[in-house]
Amino acid sequence: MKISFAEPAVPKSGTLVVAAREGRTLTPFAAALDKSAGGALRRGMEASRFKGGKDDILDLLAPAGLKLGRIVLVGLGKVGEFDAGRAEILGGNLCARLNSAGVKAATIVLDGLDGAKIDEVLAAAHLGTGARLRSYRFDKYRTKEKPGKKATLASLTVMVKGASKARKAFVPLTAIAEGIFLTRDVVSEPANVLNPITFAKAAKGLEKIGVSVEVLTEPAMKRLGMGALLGVGQGSANPSRMVVMQWRGGAKDAKPIAFVGKGVTFDTGGISIKPAGGMEDMKWDMGGAGVVLGLMKALAGRKAKVNAIGIAALAENMPSSTAQRPGDIVTTMSGQTVEVLNTDAEGRLVLADALWYCQDRFKPRLMVDLATLTGAIIIALGNQYAGLFSNNDQLAKRLAEAGEAVGEKLWRMPLADGYDKQIDTAAADMKNIGGREGGSITAAQFLQRFVNKTHWAHLDIAAVTWSKKDLPTVPKGSTAFGLRLLDNFIAAHYEK
Ligand code: BES
Ligand code: MN
Ligand code: ZN
């Protein structure tokens, strides 16, 4: 979908979208339009439930006195609460509505935002971004499109006073949207297409925008002693990989910040095999790595003034005659040994080596990992919040605030010595399961044993990586949850 910006004017034909505030107060532009339409907007509002609330939307067809085929009236809600997030939601909802009405091209005029939390020009850029994010489709494998399901909206013009400034503000937002689309693409791909090797190829594609990309193969990881990651992948015909991405947009000598993603390209559970029902969901068990990949693209795309490392820990967890068995003991890169009592608790194993490698090689200021790590976090928090674990209060606070700001919310969970004891075992330094009680917490305690003294946070995104229903700026499917949050976190604290 093409999004453009222009100065406000009444178009000669097609669909025009104008706004009203809470309480059926038309914006100045909408009020003037209402006048030329002989009061059609006002009568329409009064004959309907439309109150100008933030989710209100009203279609008026072929209004008398105008050449336009359709006027859509959208609610701004309480203008004092209108911010970037609300602008994106408005854009997203509008995109969905125009598509379901079969509209091909539309123009929205954004005005009357005096007293809002964001200025009109920025709001226009965010509105365009929301529409773009909602327009995403993963339909490359559909050879027969169902008529009526096809997205019709091909262009959206956002009219605002100061359009050239809006166009400028839209540039970095476009880079973020492109990062999100890359994440959604790789996470949506089925596991017969996306495996550690093809993921690494996708990462290599970032070299042309200035990201340096290294790919560690199995022999290289063996030399480094990554027994935990290699153990997870040893049952698969698809070899494991570790991808190391670097974006250097900050000062030459500034210590980097690092992001590490779980990239299990398919999780059958291994020999501790999962039940058949719903197992197809485990194609998105690389969602954390997908976000790290898209984040690197976004940072490079908007030339972020930061040094950032992105690591994807990639393996496929399969049962076979070469697969690791329950009871196997593996030695991690850190030297610590792990008794693998359940081969389905594999995410923590691939992350153990990736986290250790990351802090050992890069000495980062901080590390954040993202992982579809536990079913238990879905039980604990549902899909409204992702789980946040951290060994540092300031880092936890900054992440939670960034999440609130972009609508990717985090809920902090505890870490404590008592939970840590749950993963002690007689045969080795630790076991990879801690029992049913506090399952997400013991998984985080396991990771913490591999971060050394580095400031670290772990985001358990198992419940939020895939959405079963459409959300305002996220069509159902891969959400890229975490990318927006981390981009905001970086922009707010690490680009100065
Ligand atoms: N990838 C799963 C976690 C998961 C479950 C993600 C559902 C998304 C949706 C992870 O590898 C896993 O299997 N975890 C086990 C751990 C258990 C064996 C200790 C779980 O949560 O059941
Ligand atoms: Mn698993
Ligand atoms: Zn998994």
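Domain bounds here come from an automatic or database domain assignment. With that in mind, let's walk through this structure, which is a predicted model.

The protein chain is assigned two parts: domain 1 covers 2-160, and domain 2 covers 177-493. Their C-alpha centres sit 38 Å apart. The two domains do touch, though, with 14 residues from domain 1 and 16 residues from domain 2 taking part in the contact.

How much area do domain 1 and domain 2 bury between them? It comes to about 1300 Å², and 61% of that lies on carbon and sulfur atoms. Look at domain 1's share and you'll find three residues to keep an eye on: Leu133, Arg134 and Tyr136 supply 51% of the area that domain 1 buries against domain 2, more than any other three residues.

Now for the charged and polar links. Across the interface of domain 1 and domain 2 there are 3 salt bridges. You can pick out a salt bridge between Glu88 and Arg484, where the closest N and O atoms are 2.7 Å apart. The interface of the two domains also has 7 residue pairs in polar contact, counting pairs with both residues at pLDDT 80 or more.

So which elements should you look at on the domain 1 side? Two or more residues come from each of α3 (84-100) and α4 (120-134). Of the elements there, α4 gives the most, with 6 residues. As for the make-up of this side of domain 1, it's a mix: 5 residues are nonpolar, 5 are polar and 4 are charged.

Conventions:
Residues are numbered from 1 along each chain as its sequence is written. Chains are lettered from A and ligands numbered from 1 in the order in which they are written. This is a predicted model: local features need pLDDT of at least 70, side-chain atom pairs count only at pLDDT 80 or more; totals for chains, interfaces and linings use all residues. Side-chain values use heavy atoms; hydrogens and water are left out. Contact means heavy atoms within 4.5 Å. Buried area is the accessible area (1.4 Å probe) that two parts lose on being put together, summed over both. A salt bridge is a side-chain nitrogen of Lys or Arg within 4 Å of a carboxyl oxygen of Asp or Glu. A polar contact is a pair of N or O atoms within 3.5 Å; within protein, one must be able to donate a hydrogen and the other to accept it, and residues adjacent in sequence count only if both atoms are side-chain atoms. Helices (H or I, at least four residues) and strands (E, at least two) are DSSP runs, numbered from the N terminus. Ala, Val, Leu, Ile, Met, Phe, Trp, Tyr, Cys and Pro count as nonpolar, Asp, Glu, Lys and Arg as charged, and the others, Gly among them, as polar.
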